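The following paragraphs guide the reader through a protein model, beginning with its confidence and moving on to its cores, sheets and individual residues. Please keep the sequence and the structure in view while reading.

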Amino acid sequence: MKSIAILLFSIGYGISSYAQYKYENFNKGLPEKWSTTSKIPLSLSSEHYKDGNQSLKWEPKDKDVITISSLSIPKEETIGPLASEIFVYSKYASSDTLIFQFLDPKGKVQRSGRMMLNYSGWREYHRSFGFDYNKGSDSEPFELNECRIIYKSGKGSKSNTIYFDAVRFTGNKDLRRQTAPHTQIDSVQFKKIGLAGGNPLESWLNKPSGKVIQVSENEFKDIEELRKKYASLNKTIDKTELAASMEYIRHANLKRNDDHSIKGKGILAISKSDTLVKISGYCGVLGRSYLMDKNKESRDALVLFTEYLLDQGLAEGGRNVLPTNSYENARKFPLGFLDALDAYPSEMRAKVLAMLKWSHEYNQIYNENLLPGVNTDFIHLKLETLFKLALANPVKEDVVRDLRYLSKFMERCIAISQGGNDGIKPDGAGFHHHSAHMNYMVAFSTWINRAYSLKGTSFRVSKAAYENMSYAIKTLLSETSDGKFFPHSLTGRNPFSSSSTVKKESVAKLIEIGDDLNIKSNDMKAFYNYLYKENKYPVKKEDLDGFYQLNYAQLGILRKDNWIAAMRGFTSRMFGAEIYDKQNRYGRYQSYGSLEVLYNGDVNSTGYLAKGKGWDWNVIPGTTTIHLPWNKLTTRSLTATEFQKKNFAGSLSLGKNGIFGMDFQQDARGKYTPDNLVFRKSVFAFNNILVCLGSHINAKTDVGNVATNLFQSVFVEHTPEVVISDKAVSANTISEGNNHYSIAVEQNGLWLINGVKTGYYIPKGNDKVEILTGEQETPDYSSHDGKKKNKALTSKAWINHGKEPVNVKYHFVVVPQTSSDEMKSISSKIERNEIYTVLEQTDSIHIVKYIPESLTSYVFFEPMKNVKTGYVQSISKPCLLGIKDVSGTVSLSIASPDLNAVADQQSYWKSTISKISLQLKGRWKVLENKNNAEIHSNKEGLNITFSLIHGFSNNLVLKKDN
């Protein structure tokens with residue numbers, strides 16, 4: 001136990017390198033480099049300390065200065081995020097200020113920053129030289145040779161006693177340089193940190209309205225019921241953990257100074273998440289020991305220990321706001337303190353509550369103008385704690401006030417957000433990390449649980465909140481197979497996730513929330529019955545099969561019977577793959593125009609294995625990729641989110657049918673060797689077939705072949721059989737080593753059925769089709785060097801375009817849930833042009849006519865004049881277009897998957913209106929124009945200008961005017 005305690009106290013701080021004076025802990029005496037203008041000399045003190053057993057004591061008067069000279073720190077040490085970190089102890093809160101100046105060898109002040117002494121105990125002056133002195137903009141590095149600390153007395157104060165320890169002039173690399181009440185005076189100078197770090201000072205500055213509130217008797221009763229629901233004291237007392245907490249406190253060597261203030265071994269790791277969770281756990285077990293066993297020794301230890309923690313800086317305004325990407329630690333940190341709350345004296349209890357509220361950005365619930373887009377990790381990890389903190393307030397009127405605010409905050413958490421902000425997008429897609437990210441939408445389940453706890457109380461969520469969450473849930477689960485798992489292309493950095501982030505139990509809870517609000521949630525009930533293939537709710541059955549368009553996710557979904565087909569791309573702003581240190585190392589091709597067919601809500605029925613064990617990462621169904629060696633496919637950097645240079649990727653729903661299009665140009669951004677891969681591809685979803693076209697395929701690579709991948713199935717126990725135009729092939733039916741087929745299709749078409757009964761028809765005129773069956777060994781998704789490997793039995797196929805294709809095309813058809821007889825019939829009909837006709841397949845345009853419904857579908861990759869196909873004469877911008885002609889009445893739908901994004905300070909970027917003009921030949925009457933398109937007749941025909949935004953479609957109904 002002692003070794004653990006020592007580690008927590010001393011972690012992470014070493015001695016400075018030779019010649020440079022970067023760090024001082026005052027344990028070797030009073031440094032010669034330190035001098036002061038104060039009348040009282042600098043001295044060493046054992047009253048308060050952080051590193052070792054003494055600190056520097058300074059008793060200044062107004063305008064007194066400490067000078068630290070001859071630092072000899074080169075400018076390489078003042079670059080970018082490298083920060084100074086100086087611990088400063090204040091005996092009491094005041095309005096006094098310290099000014100820190102950092103000078104070059106010529107005596108010129110290069111950086112100057114302020115820190116208020118409006119606290120008691122230890123706090124940090126923690127600022128990056130590169131980012132935190134110029135209103136967040138970069139500053140040039142400089143040679144640091146001198147530091148000055150100037151004391152400015154505040155109102156009513158003429159002198160002070162201040163302690164310094166663990167003084168690091170530069171070298172701290174922690175990116176969480178969060179502004180706090182003591183640095184609020186200079187907060188405008190700091191660079192804003194990432195989403196995960198939050199904005200604790202901005203949140204803290206929000207205050208509740210000063211209005212006197214009227215509280216009802218029902219609200220008081222509801223408080224008690226909610227306190228029962230959120231009661232956390234239900235754990236046992238682990239004697240080993242209790243002994244460890246006592247040992248930690250003993251090792252801290254806590255004592256009293258003459259002024260009765262506390263002192264003990266400094267906790268340098270006071271901002272480290274592991275340390276904070278450990279400390280909270282110790283407080284929790286001590287509190288439970290007293291509250292459950294009436295152990296007075298435990299309570300005395302808890303009170304002494306917590307006084308010491310508050311003094312060490314684990315307090316309101318301290319560096320204890322855990323970033324949400326510390327995940328479990330962010331969730332666990334408050335638990336011990338919450339368990340111990342009722343064991344504290346009232347004044348200490350209030351201080352601990354204030355610390356937890358600061359740490360969890362509690363005061364943002366008071367922000368009535370909160371920008372939509374609350375971090376979904378925050379919702380998942382910290383929302384429950386906000387409720388516990390509200391209910392812990394001893395003043396019931398304040399509890400009522402805060403629960404009212406929390407109910408409103410719940411609504412703001414799921415308000416429709418813009419651009420790259422987190423949360424629910426205008427089309428219902430769920431965002432995190434500035435892109436659609438289904439794995440993080442577990443936050444929706446968390447939100448539903450919190451809303452469910454308010455059901456039946458005076459603080460229930462609003463109808464607007466319910467409607468937004470219903471919209472998001474229906475959208476999210478429409479992207480899944482039977483609500484159970486979702487396409488690999490949507491799994492972020494967790495490939496081949498085998499379950500949905502929102503379970504059916506959460507959907508049932510949401511329906512109950514709607515019933516409690518007296519909302520007729522029959523649509524949600526019908527959706528539940530449809531998705532889970534149940535009759536749980538006695539409502540009219542709805543057929544929700546069809547095509548779903550989600551352009552904030554660059555996604556098209558065709559739902560049909562027991563399968564879904566998912567088509568996905570990505571853009572320059574919204575990623576296609578998320579690659580982390582030990583996650584998805586080979587996942588670059590995840591969304592390169594993927595086309596996945598998922599069956600029966602079951603990973604195995606789809607031919608997938610969880611986490612992609614044994615998966616060939618080069619062969620993602622539907623994608624166009626370069627088949628690379630593993631060391632070329634992985635990335636150079638630990639984190640490598642995949643973007644491309646174009647922004648045209650997404651879909652258009654035509655009811656039961658739909659269109660997907662993607663314009664791609666590789667953007668390596670230094671993460672890997674570029675292959676200059678470009679392509680344009682489309683998928684035309686007609687009833688139960690998917691017509692796939694590609695053009696403008698170019699690349700320059702001498703490493704691997706360019707391929708458009710048809711399918712891959714992997715199993716553990718048997719090789720998935722492939723039927724090749726009536727001939728069944730598997731590793732068991734061919735001789736060893738002869739399981740790779742290369743089939744030419746220049747003269748004759750070919751059809752295949754893979755091991756999960758998905759059919760593929762490849763018409764004549766394509767490049768060679770490669771088919772491989774048998775065992776394969778591939779690197780684990782977490783392996784950097786590819787040495788950790790997994791085996792699987794596979795069947796896979798692709799169209800081989802060769803090493804350096806120039807403007808190559810492809811054309812194939814996918815037929816889910818098929819049989820040999822059906823494939824014979826379909827392939828014959830396709831060859832006779834009875835199902836569809838490809839009218840155009842150029843580098844600029846793909847046009848396919850679906851004959852049974854007289855539906856002509858267009859993918860325009862460029863503006864075009866003189867189209868001369870169907871009714872269309874010209875189009876002003878790239879778009880997706882569907883025109884259905886029934887006896888002279890034309891239904892027209894158009895969408896631009898390019899969101900026409902522009903930079904935005906509040907949301908990184910935002911979608912803006914894109915005006916697209918379409919010229920139709922002939923004379924027309926307008927029967928329906930719900931989107932208010934601008935329509936003008938001219939001598940050439942009809943000119944229609946659509947105002948498109950958010951990837952939404954516009955629709956028109958026209959009739960020929962003869």
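Over which residues from 1 onward does pLDDT stay under 50, and how many contacts beyond four places in sequence does the model have for them? The stretch is residues 1-18, where pLDDT remains under 50 and the model has 32 contacts beyond four places in sequence. A further stretch, residues 731-738, also has pLDDT below 50, and the model gives this stretch eight contacts beyond near neighbours in sequence. The model is a predicted one, and these values therefore matter to the reader, since local features are described here from a pLDDT of at least 70. For the chain, the mean pLDDT is 93, and 97% of the residues reach 70 or more.

The interior may be considered next. The largest nonpolar core contains 178 residues, and those with the most contacts inside it are F337, L403, W447, I473, L710, L752 and I762. Helix α9, which covers residues 376-391, supplies the largest share of this core, namely nine residues. L403 shows what such contacts look like: apart from residues up to four places away in sequence, L403 touches I223, L226, F387, A390, L391 and F459. A second core, separate from this one, has 30 residues, including W58, I73, F129 and L144.

Attention now turns to the sheets. In general, the strands of a sheet pair through backbone hydrogen bonds, and the pairing is either parallel or antiparallel. Five strands of this model form an open sheet with antiparallel pairing, in the order β21-β26-β33-β32-β29. At its edges stand β21 (624-626) and β29 (740-743), each of which pairs on one side only. From one strand to the next, the twist averages 45°. Within this sheet, strand β32 (residues 769-779) and strand β33 (residues 789-802) run antiparallel and are joined by 11 bridges. One position to locate is T773, whose bridge partner in β33 is S795.

Another open sheet has four strands, ordered β38-β43-β46-β45, again with antiparallel pairing. Here β38 (872-875) and β45 (934-938) are the edge strands; each has a single partner strand, so one side of each is left without a neighbour in the sheet. The twist in this sheet averages 20° from one strand to the next. Three bridges connect β38 with strand β43 (residues 914-921) in the antiparallel sense, and V872 stands opposite L920 in β43.

Two consecutive residues of strand β9 deserve a closer look. R127 is found in β9, and S128 is also found in this strand, which spans residues 121-128. Is R127 buried or exposed? R127 counts as buried because its relative accessibility is 1%, below the limit of 20% that defines the term. Beyond residues up to four places away in sequence, R127 touches many others, among them L82, A83, D132, Y133, R177 and D186. A polar atom of the R127 side chain lies 2.7 Å from the backbone oxygen of D132. S128 is likewise buried, with a relative accessible area of 0%. Its contacts, leaving aside neighbours within four places in sequence, are G80, P81, L82, A83, Y133 and R177. The side chain of S128 has a polar atom 3.1 Å from the backbone nitrogen of G130.

Residues in loops complete the picture. E47 is placed in the loop between β3 (43-45) and β4 (55-58). E47 counts as partly exposed because its relative accessibility is 22%. Apart from neighbours within four places in sequence, E47 is in contact with K57, Y163, N257, I262 and K263. With Y163 there is a polar contact between the two side chains, at 2.5 Å. K57 lies 10 residues from E47 along the chain, and the C-alpha atoms of the two are separated by 9.1 Å.

Two other loop residues are notable for their backbone angle. K294, although not a glycine, has a positive phi of about 55°; K294 is found in the loop between α5 (273-293) and α6 (296-312). With a relative accessible area of 64%, K294 is exposed. N833 is not a glycine either, and its phi is positive at about 60°. N833 has its place in the loop between α17 (820-831) and β35 (836-841), and at 44% relative accessibility N833 counts as partly exposed.

Key
Residues are numbered from 1 along each chain as its sequence is written. This is a predicted model: local features need pLDDT of at least 70, side-chain atom pairs count only at pLDDT 80 or more; totals for chains, interfaces and linings use all residues. Side-chain values use heavy atoms; hydrogens and water are left out. Buried means under 20% relative accessible area, exposed over 50%, partly exposed in between (1.4 Å probe, protein chains only). Contact means heavy atoms within 4.5 Å. A polar contact is a pair of N or O atoms within 3.5 Å; within protein, one must be able to donate a hydrogen and the other to accept it, and residues adjacent in sequence count only if both atoms are side-chain atoms. Two strands pair if DSSP finds at least two bridges between them. Axes are lines fitted to C-alpha atoms, for helices over the stretch in contact, and angles run from 0 to 180 degrees between N-to-C directions. pLDDT is the predictor's confidence in each residue, from 0 to 100. A nonpolar core is a set of buried Ala, Val, Leu, Ile, Met, Phe, Trp, Tyr and Cys residues joined through side-chain atoms within 4.5 Å.
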